[in-house]
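Biologist: I'd like to go through the labels in this one and hear what stands behind each. Can you show it to me?

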Amino acid sequence: MSKEKTKINVFTKIGNRFKNGINGLKLFFKKCGRETYSSMAFMGLGQILNGQFVKGILYALAEVAIVVYFALTGVKDFIGFFTLGTTKADAWLQLAGDNSVIMLLRGILSWIVLTVTVALYLSCIKDANKYAEIKGVGNVPSFRDDLSSLLNKNFFKIALALPLIGVAIFNVLPIVFMILIAFTNYGGEIVPPELVDWSFDSFRKLIALGDFSQTFGRILAWNFLWATASTAFNYFAGLGLALLYNKKCVKGKAIWRAFPILAYAVPGFITLLAFQFMFSNGGPINNMIVNNGGQIVDFLGINSKWIARGIGFFVNAWLSIPSIMLLATGILTNINTDLYEAARIDGANGFVQFRKITLPFVLFSTTPVLISQFVGNFNNFGVFYFLRKDILTDGYLAANDTDLLINWLYRLSIDNNYYGVGAAISLIIFVITSVISLIVYVRSSAYKREDTFK
Amino acid sequence: MKKVWSVVLAALLVVCACVSLISCGKGGKEIIIRVLENDTAKDKGYLDYLLNAFNEKYKDQNVKAVDANMDEYCDLENDGPYGYGPDVLYQANDILMKYVNGKHILPIEISELDCYEHIPQNAWDAYKANVEGRDVYCGVPVNVQQPLLFYRKDMLPDNWKTDWDKNNNDIPDMVEFWTEMYRYSKSIRDTDKSKFGYAVNLTNEYFNSGFLFSYGAYVFGNNNTDDKDIGLASGDAKIGAKIIWDLAGLMDLKCADESFTNARTTMLANGTIFANVCTPDITTQFLKDLALEYKKQGLSEEQANEKANENLILTTLPKLPKNGDITVEQDVTDETLWMSQKTMGGVNGYGISSYAKNREWSLKFVEFATSLEMVTKRQELLGIVPARDDALTNEDDIATKITFQNLNDGTLVVMPSISSVRAIWTPIKSCFKTIATDGCGKRTFSIDDMQTELNKMVANIKSQIETLQ
C-alpha cells in the first residue's frame, strides 16, 4: 500500500516538475525582450544591444568558430560516430579510407563540442536576458568589469577552466571511448583498416556463449573470493603488526619495523619475479626440499590450483601488509590513551579494548584506504600474471584457474587482440568495483560522521 | 596582481608547449628511414655498423637511416596508421606476417632483389601470403632459427667408440638416435639422481612441437594458411606426445617450467646435464660458461677457451624411431627404422611498413641490409644462421649447414605466418606442461590420454580463434 503511494508520489512530482518547467519557459518567452531574442538568433547580438560590445563580439566569434568547426568537420564527425566509417582504407594503394577508431574518437569529441555549444548558447541567452532587465534599472557592467570579476570574485572559473578541459580530454574522453568500444565488434580480425561496427556481441559472448560465460562465471567467483579474503587478511595482518610493534614490551621496534618497510621498498614486479623463481621447480625452495630428502613440489604447476592461489595470497600479503602497517602505525599514535585507561578501570580486557576502541578508530580513518585496497586487489594483475602466465586450465577459455578478471582481460585484449570483449569485461569490472566502493563508502562512518574527528 | 601573473604564466606554458609540439613536427628535407632492429643487434653493435655503412654509401643522396628507437616488439597495426611505427622493421616471420591482412606491410617484388637467387624458396615462403587472390611476398629473409642439439663431448663415456657407436660412423649413438639418448640419459640418472642426460624445458613450444610434426601433426592446414584446420592433434601426434612424456620420465619437475631454460648454460657447464636443445644464438653463452668452469678447474684462460670450443658440440637433433618408441633399444644400423626429426623454426627478416614516408628508399635500405656484405657481418657479430646460401663461407659452421640441410629437406617446419598463429602458443605450452608434469610425476597417462590432451589443446586454440572472433 505504502509502496504504491510512494510510486504515485514520485510520478506526481515528476509531472508537476515538468508542468512547472513548461510554464516557466512560457513565462520566460513572454517576458524576454528583443535582446534575448537577438541572442537566440545569433549569439552575442543581445549583448551588443545591451551595450556589452566586447562580450558580444566574443560570443559571436565563438558562434562563428562553432559553425566553422561543424561545417568543416563537426557534422562529418557526428555522422561518423553513428556509421563508424563506410570506406575501407588500403595502405598499399595509399587510399586513406575511414578509420573507425579515429571516427569514434572524433565522434565523441563532436558530442563534447555539441554539449559545450548548447551550454554556451544557453549561457548567452541567460546573460542577454539578465542584462536586458538590468539595463532599464541600473548600469550594465562593462567588459573591464567582467574581466575584473573573472580575476577576483569569479577567479575560480579561470583557475578551473584548464583542469576541466584537461579532465575532459585526458580522463572523460578515454573512459567514454573505452565504454563505447565495449559496444562495438572491434578486435580480432576487425581492426582498422577493417571497418568496425556497433554491436552487442561482446556482451552476448560473455553471457550467452557456453565456454565464455562459464569462464566468466568461474573467474568472477574466484575474483570476489580473492579480493575479499586478501583485503581482509592484509588489513588485519597490517593492523596486527602495527599493534604488535606498538606494544611497550617489544624490544628493538625500529629494527622489526624496518623489515616490512624493506619489503615494501622493493619494486613490486621485482618481488613478484623473485617469488616466481623461488617457487619454481628448480628454485631455492624446491632445492631445499630435495636436499632434505623430499620430492619437488609443483607449487605453480598445471594441477596446483589451490597451492598456487595460496602462494598468490601470501605474495600479495607480502607486498600489501607493510603499507597497511605503516598507515595503522600512524593512526594508532592519534588514539587518546585515556580511553584505554578508562576502559581498563571499567574492567574491559585487551580484546574488548581492541574491539571497542582501536578497531572503530582505525576503521573510521582507513575506510577509504580499505576501499582502494579492495579495488586494487580486485584488479590485481601482477601477482598471477608473474606466477602462472603460461598455463591454461580445462574448462576455462583462454585463462587458468588462478586468473583474475584483469588477467583474463589482458589475455583477451593484448595477447589475442579482442578489444571489444576486453572493454566489455573492463566495463563489468568498473561497475562492480564502483558499486561496491560507493556502497561501502556511503555506509561507512568515515562518510556518515565526517566531522567527528575534525 | 598575483592572479594576473598566474594567468599569464599558464598561458605562456600552453604557448610554449604548442610551439615545441609544432617544432617537433618540422624537419629538414633530408629523407629519414627509421629502422627497427632487434635488441641483440643493437647491443652487439651491428645496428650501428649497418646504419653507418648505409649512410656512408648514400651520403650524397640526402638520405639517412636511423634507429627507430622503439621497443623491438612494436605494434605496427596500431602505431603505423598514425605515423608512429618504423619504416623498415626486422622481425620473425610470424610477427611480420600478421600485418599482411591489414596491409600494414608492403609487398616486395622479390625477384628484382640481389639476394633473390641466394635464398632458399622455403625461406621465401615464410613471407608469402595470398591477398585478394594474388600471391605476394612481404619480407626478405635474413636468418633462420632452428633448435639444435648441444652436448659435452667430454661427458661421453670413455668407451663410446666401442659401445655407443654401433653403426661405426664415428658419431656417438646417443646424439644420433633418440632411443640411445634415452638409454644413456637413463643410465646417468640411475647412477646419480642429481644429474641428467638430456635435459630441456619440455613445455617449450618451439623445441618440442617437432615431436608432434614428425608423426604427422601440423599447425594449420593448406600449407599453414587455413586456420579452420588445426592439425596439432592429427596423424599420430599422440606418439610424439608420448615421446615428450617419456623424456619427462628422465627428468624431474624442472622440465615442466623454465628451470632448465634459465640455468641451461651453467648446468651444461658444471656437468649437471649432458645435452640440451637450443637455438644457435646462445652458443656464445654456452662457450663462455663452459670456459669459466674449466678455469675454475685450474686452466688458463686460453686453455679454457680452447677446451670449451673443443668440447661443446652442436649437432642436428637425433633421429626418431619410426615406430615412436624411444624407450626400447632398436637396431641403429638399419636405416629403414629411423627418420629425421622435424623441428619448428622461424625465419627472421626485413619488412617495409606501408606507412613508410619514403617507400623507394626503404626498399633500398632493405636491399642494402640483405646484401652479402651485411648478412656476413651480421653472422660474424651475432652468430646467426644466415638465410643467404652464399654467406656460408666457413666450412666449420655446423649450425648453418644443418639449418640449410633441414630447410631443403623439409624437416624444418617454418612457423605459420597467418595472424591466427598468436592463438597457438599458450595452449601448446599448457598442453606440454600437462604431459610433462605427468611424465615426470605420477606417470598415469596412457597413449589415449595423450590424444585427449592434444584434442583439448586443439579445442582451446579453436575457441580462441573462432569463438572470440
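Modeller: Sure. Keep in mind that this is a predicted model. Searching the whole structure gives 50 aromatic pairs over all chains.

Biologist: Take Y69(A) and F70(A): why is this pair called edge-to-face?

Modeller: The ring centres are 5.0 Å apart, and a pair needs them within 6.5 Å. The planes stand at 70°, and over 60 counts as edge-to-face, so that is the label. Y69(A) and F70(A) are both buried, too.

Biologist: And what makes F279(A) and F299(A) edge-to-face?

Modeller: Here the centres are 5.2 Å apart and the planes meet at 75°, which is over 60, so this pair is edge-to-face as well. Both F279(A) and F299(A) are buried.

Biologist: Why do you say that the F279(A) and F299(A) pair ties parts together?

Modeller: Look at where they sit. F279(A) is in the loop between helix 11 (268–278) and helix 12 (284–291) of chain A, while F299(A) is in the loop between helix 12 and helix 13 (305–332) of chain A, so the pair joins parts that are 20 residues apart in sequence.

Biologist: Which residues form a ring cluster in chain B?

Modeller: Ring pairs connect F54(B), Y58(B), Y90(B), Y350(B), W361(B), F365(B) and F368(B). One of those, Y90(B), also has R378(B) over its face, 4.0 Å from the ring centre.

Biologist: What lies over the face of W222(A)?

Modeller: That's R309(A), at 4.0 Å from the ring centre.

Biologist: On to the interface. How many residues does each chain give to the contact?

Modeller: Chain B gives 48 residues and chain A gives 46. About 3,800 Å² is buried between the two chains, with carbon and sulfur atoms giving 55% of that.

Biologist: How many salt bridges are there between chain B and chain A?

Modeller: Two. One of them joins K103(B) and D90(A), at 2.7 Å from N to O; the cut-off is 4 Å, so the pair qualifies. Polar contacts across the interface come to 15 residue pairs, both residues being at pLDDT 80 or more.

Biologist: Which elements give two or more residues to the side of chain B that touches chain A?

Modeller: Helix 1 (2–25), helix 4 (76–79), strand 5 (134–137), helix 19 (425–439) and helix 20 (447–467) of chain B. Helix 19 gives the largest share, seven residues.

Biologist: How do you know that H104(B) is buried?

Modeller: Its relative accessibility is 1%, and buried means under 20%, so H104(B) counts as buried. H104(B) is in the loop between helix 5 (93–97) and helix 6 (121–125) of chain B. Its contacts include P192(A) and P193(A) from the other chain, along with Y99(B) and I352(B).

Biologist: Back to salt bridges. What makes K228(B) and D227(B) one?

Modeller: N and O are 4.0 Å apart, with 4 Å as the limit, so the pair is counted. K228(B) has a relative accessible area of 56%, over the 50% that exposed requires, so K228(B) is exposed. D227(B), at 18%, falls under 20% and is therefore buried.

Biologist: What about E258(B) and K429(B)?

Modeller: Their closest N and O atoms are 3.5 Å apart, which makes a salt bridge. E258(B) is in the loop between helix 11 (237–248) and helix 12 (259–262) of chain B and K429(B) is in helix 19, so parts 171 residues apart in sequence are tied together.

Biologist: Why is E258(B) called partly exposed?

Modeller: At 27%, E258(B) is between the 20% and 50% limits, so it gets the middle label. K429(B), at 10%, is buried.

Biologist: Last one: why is R388(A) called buried?

Modeller: Its relative accessible area is 1%, under the 20% limit, so buried is the word. R388(A) belongs to helix 16 (residues 382–388) of chain A.

Biologist: What are the polar partners of the side chain of R388(A)?

Modeller: Among them is the side chain of D401(A), in polar contact at 2.7 Å. The backbone oxygen of L300(A) lies 3.2 Å from a polar atom of the R388(A) side chain. Other residues in contact with R388(A) include S304(A), N400(A) and R411(A).

Methods: Residues are numbered from 1 along each chain as its sequence is written. Chains are lettered from A and ligands numbered from 1 in the order in which they are written. Side-chain values use heavy atoms; hydrogens and water are left out. Rings of Phe, Tyr and Trp (its six-membered ring) pair if their centres lie within 6.5 Å; planes under 30 degrees apart count as stacked, over 60 as edge-to-face and the rest as tilted. Buried means under 20% relative accessible area, exposed over 50%, partly exposed in between (1.4 Å probe, protein chains only). Helices (H or I, at least four residues) and strands (E, at least two) are DSSP runs, numbered from the N terminus. A charge sits over a ring if NZ of Lys or CZ of Arg is within 6 Å of the ring centre and within 35 degrees of the ring normal. Contact means heavy atoms within 4.5 Å. Buried area is the accessible area (1.4 Å probe) that two parts lose on being put together, summed over both. A salt bridge is a side-chain nitrogen of Lys or Arg within 4 Å of a carboxyl oxygen of Asp or Glu. A polar contact is a pair of N or O atoms within 3.5 Å; within protein, one must be able to donate a hydrogen and the other to accept it, and residues adjacent in sequence count only if both atoms are side-chain atoms. Lists of a residue's contacts leave out its neighbours within four places in sequence.
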